[in-house]
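User: Could you take a close look at one part of this structure for me, and then work outwards from there? I'd like one connected story rather than a list.

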There are 2 protein chains.
Amino acid sequence: MIDLARTITEILKNVLPEGTVALHEPKFSGNEWTYVKECLDTGWVSSVGKFVDRFEAQLAEYTGAKHAIATVNGTAALHVCLRLAGVERDDEVLIPTLTFVATANAVSYCGAVPHFVDSSEITLGVDPDKLKAYLEDTVEIRDGTCFNRATGRRIRALVVMHTFGHPADLDPLLEICRRFGITLVEDAAESLGSFYKGRHTGTLGKLSALSFNGNKIVTTGGGGAILTNDAELARLAKHLTTTAKIPHRWSFTHDKIGYNYRLPNINAALGCAQLEALPGFVERKRGLAEKYKAAFAGLGGIRFFAEPSFARSNYWLNALILEPGNERFRDGLLDATNEAGIMTRPAWTLMHRLEMYEACPKMSDLGIAESIERRLINIPSSASLVDSFSPFTGHTG
Amino acid sequence: MIDLARTITEILKNVLPEGTVALHEPKFSGNEWTYVKECLDTGWVSSVGKFVDRFEAQLAEYTGAKHAIATVNGTAALHVCLRLAGVERDDEVLIPTLTFVATANAVSYCGAVPHFVDSSEITLGVDPDKLKAYLEDTVEIRDGTCFNRATGRRIRALVVMHTFGHPADLDPLLEICRRFGITLVEDAAESLGSFYKGRHTGTLGKLSALSFNGNKIVTTGGGGAILTNDAELARLAKHLTTTAKIPHRWSFTHDKIGYNYRLPNINAALGCAQLEALPGFVERKRGLAEKYKAAFAGLGGIRFFAEPSFARSNYWLNALILEPGNERFRDGLLDATNEAGIMTRPAWTLMHRLEMYEACPKMSDLGIAESIERRLINIPSSASLVDSFSPFTGHTG
């Protein structure tokens, strides 16, 4: 154990710059200050100002989504995606147990119940084959609507999360959703800059959520966005995220229970500058992933997680996975690397193990997620960790 | 009608600077730039950085609250206040029908039901006498808990909103809450800088919410805060607003359904600079109110709304109230002033009239709120509309 931890720490030291290395840090070297200063100079920091519109247009252009609606953070975006997917109180929503807690919380905010499913070791996202077999055993369709036979609750949506930026296998998941009358929502919080078979993640589901938290590939301080190709859903998303106020010169009337989920203009200003830098960030991060891949190629007992064959990933958060049987080395590895100033972390505690979600419905076998949880560690991934564009990444998504 | 509208417009023109005058605009003339630039230079724009702690300390010091917890906006703050007040699914929460929609929405986010009560023409806030009489007729106490006899639902909290910055009459409202086993929560979104009998609004209720939206007396782009004097509630408020993550060097475990309600560091940086300027803003706004008061003193048919006798208000949003019988002049007055470039607006559409809340429980007589709604207009109120400190406002709260 000591040897493996020491060897891995040495490899990381060779790839990374000297000194303390964070897991993920933002990089501001473009127009960030110019745009933010413009907000302060004009006084337009909040709900007035041009940067929100511009940020939304840039997001739509980059991702290819027809509509992008900026929100105050990714959790808020996912909450509104679920409401617009028709999720209501006491519905169930299928989500991976291997995800950040925001995925499950957004379901709870709707008064609905998360229903946990297993992941694939190839994608780290929801496993389509296992999901299909499970639904065949578990649900019934009545009038085109999917019901959990055990709980009697309606299953309204499936949330697919693109773990650490790696796209889940969306085509078979979309097929399952069509067959079972379930709406596909993408939690693309981690996958801005990641493509599935040439299409940007977040553009295949009915609705998708992005995040621009401080640890993401681009940041607005805190922020998120909803993507959709449906004009009416886009209109409703904007309406719900801005307190559902009916436009009027002076009157304050609201026609729905809406949210104060608007992204402030000053945060959008930061986002506009960050999006200008995004293609460069993706190339740098892919370059770093190539360096890691090469550095760990010869080592037994552990492997560097590489994008699935159908994907071009942003490699948001790089991951090492211990081979089965080496689970016992995980905590020693976390200790050794963090003590060496190289920040690492394990996967999230699985959702079905958190006390507030342990009574929720779930697959009886969540073995792959459980195995990944015991074996995975994330390693430093900031775009600033490589000096320039990598020669490995000339092709496009 | 034409004459009254014309006269009022002329008076407003005399008080206000030439050109288009907004209802409320922020003012950035202190350290806003310096602090925001520091965030960008250090890369600490999001969940890392010193400005959130500093902003919270400044808020506690200014208001006299023992604890302040910064949040992403005022609605988020109120939502968490209600959860910490014990509001659960299918409870009822008493709120004024005369308020901004966020008050009612925060109740809905808990899965609870708003229950609308009337306001006082003296304070524009909840009328204690009317509330007391209503509760005597409407509720029963079982084991110290208040229940609505008509609906059978538990009444858990009363939210008092300090309308346009003017403090509600908190002492008798606190007494009512004690008697009926209801928790008092203050919606102090509009009243930063306003004092009730020498104590800052938001420090008398069990929990209180502040807002720093772009139209407020100080702004963080978007932002809010929770105030409380209870150390355990403060700890829980910080925990719930930061995804209820259990502190650990690397592990991601959460023990409650929490929220991504943290204020980003870059927004807190703006807030720190704005709070430095707050005492000056309050004095300017009180100076503007004095100018309005003097200008409208001789005019019949309408009066300038002045702070209640027990209050020292921030005069966040100044208001004119037509005398009863003059309701028919309101829309003409809104037209005339807005057409003259002087932004004005009526009170919010009352909550019990909004379609999503019209079936909620309410006092059968909401006559004062209804009358105020028909007669009130808000007039420009930015701190920048007076040049310097007013001689009228030398005393302190």
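Analyst: Let's fix one cut-off before anything else: a residue is buried if 20 or more other C-beta atoms lie within 10 Å of its own, exposed if 12 or fewer, and partly exposed in between. Also keep in mind that this is a predicted model.

The part I'd pick is the stretch of chain B around Asp90(B), which sits in the loop between α4 (74-84) and β2 (92-96). Asp90(B) has 12 C-beta neighbours inside 10 Å, so it counts as exposed. Its backbone deserves a look too: phi is near 70°, a positive value in a residue that isn't glycine.

Now step back to Leu82(B). Leu82(B) is one of the residues with the most contacts inside the largest nonpolar core, along with Cys81(B), Cys81(A) and Leu82(A). That core has 267 residues. Leaving aside neighbours within four places in sequence, Leu82(B) is in contact with Val87(B), Val93(B), Ala106(B), Val107(B), Cys110(B), Ala157(B) and Val185(B).

Two of those partners, Ala106(B) and Val107(B), are also listed among the buried residues of α5(B), so that helix is a natural next stop. Helix α5 (residues 101-109) of chain B has eight of its nine residues buried, so it is largely enclosed by the rest of the structure. The buried ones are Val101(B), Ala102(B), Thr103(B), Ala104(B), Asn105(B), Ala106(B), Val107(B) and Tyr109(B). What do they pack against? In chain B, the buried residues of α5(B) pack against α4, β2, β3 (113-117), β6 (155-161) and β7 (183-187). So the two elements on either side of the Asp90(B) loop, α4 and β2, are both among the packing partners of α5(B). Just after α5(B), Gly111(B) takes a positive phi of about 75°.

Further along chain B there's another positive phi to set beside Asp90(B). Thr243(B) has a positive phi of about 60° although it is not a glycine. Thr243(B) is placed in the loop between α8 (231-241) and α9 of chain B. Is Thr243(B) buried or exposed? It has 20 C-beta neighbours inside 10 Å, and therefore counts as buried. Asp90(B), by contrast, counts as exposed.

That loop leads us to α9 (residues 265-296) of chain B, a helix of 32 residues. From first C-alpha to last, α9(B) reaches 43 Å, close to the 46 Å expected at 1.5 Å a residue. Even so, α9(B) carries a kink of about 50° at Leu278(B), shortly before the proline Pro279(B).

Over in chain A, α9 shows up in two places. One is the contact between the chains, which takes 53 residues from chain A and 54 residues from chain B. On the chain A side, α2 (32-42), α5 (101-109), α9, α10 (330-339) and β15 (345-346) each supply at least two residues. By class, that side of chain A has 21 nonpolar, 24 polar and eight charged residues.

The other place is the meeting of the two domains within chain A. The domain assignment gives domain 1 (2-27 + 279-393) and domain 2 (32-274), and their centres, taken over C-alpha atoms, are 25 Å apart. Across that boundary, 35 residues of domain 1 of chain A are in contact with 43 residues of domain 2 of chain A. On the domain 1 side, the elements giving two or more residues are α9 (265-296), β13 (311-312) and α11 (367-375) of chain A, with α11(A) making the largest share, five residues. That side has 23 nonpolar, six polar and six charged residues.

To finish, here are two spots in chain A to compare. Leu170(A) lies in helix α7 (residues 170-180) and is buried, with 26 other C-beta atoms within 10 Å. Beyond residues up to four places away in sequence, Leu170(A) touches Val160(A), Tyr196(A) and Leu204(A). Lys66(A), in the loop between α3 (51-63) and β1 (67-71) of chain A, is partly exposed, with 13 other C-beta atoms within 10 Å. Outside its neighbours within four places in sequence, Lys66(A) is in contact with Ala60(A) and Asn229(A).

Conventions. Residues are numbered from 1 along each chain as its sequence is written. Chains are lettered from A and ligands numbered from 1 in the order in which they are written. This is a predicted model: local features need pLDDT of at least 70, side-chain atom pairs count only at pLDDT 80 or more; totals for chains, interfaces and linings use all residues. Domain bounds come from an automatic or database domain assignment. Two residues are in contact if their C-beta atoms, placed from the backbone, lie within 7 Å. Helices (H or I, at least four residues) and strands (E, at least two) are DSSP runs, numbered from the N terminus. Ala, Val, Leu, Ile, Met, Phe, Trp, Tyr, Cys and Pro count as nonpolar, Asp, Glu, Lys and Arg as charged, and the others, Gly among them, as polar. A nonpolar core is a set of buried Ala, Val, Leu, Ile, Met, Phe, Trp, Tyr and Cys residues joined through C-beta atoms within 7 Å. The expected span of a helix is 1.5 Å times one less than its number of residues. The bend at a residue is the angle between axes fitted to the seven residues ending there and the seven starting there.
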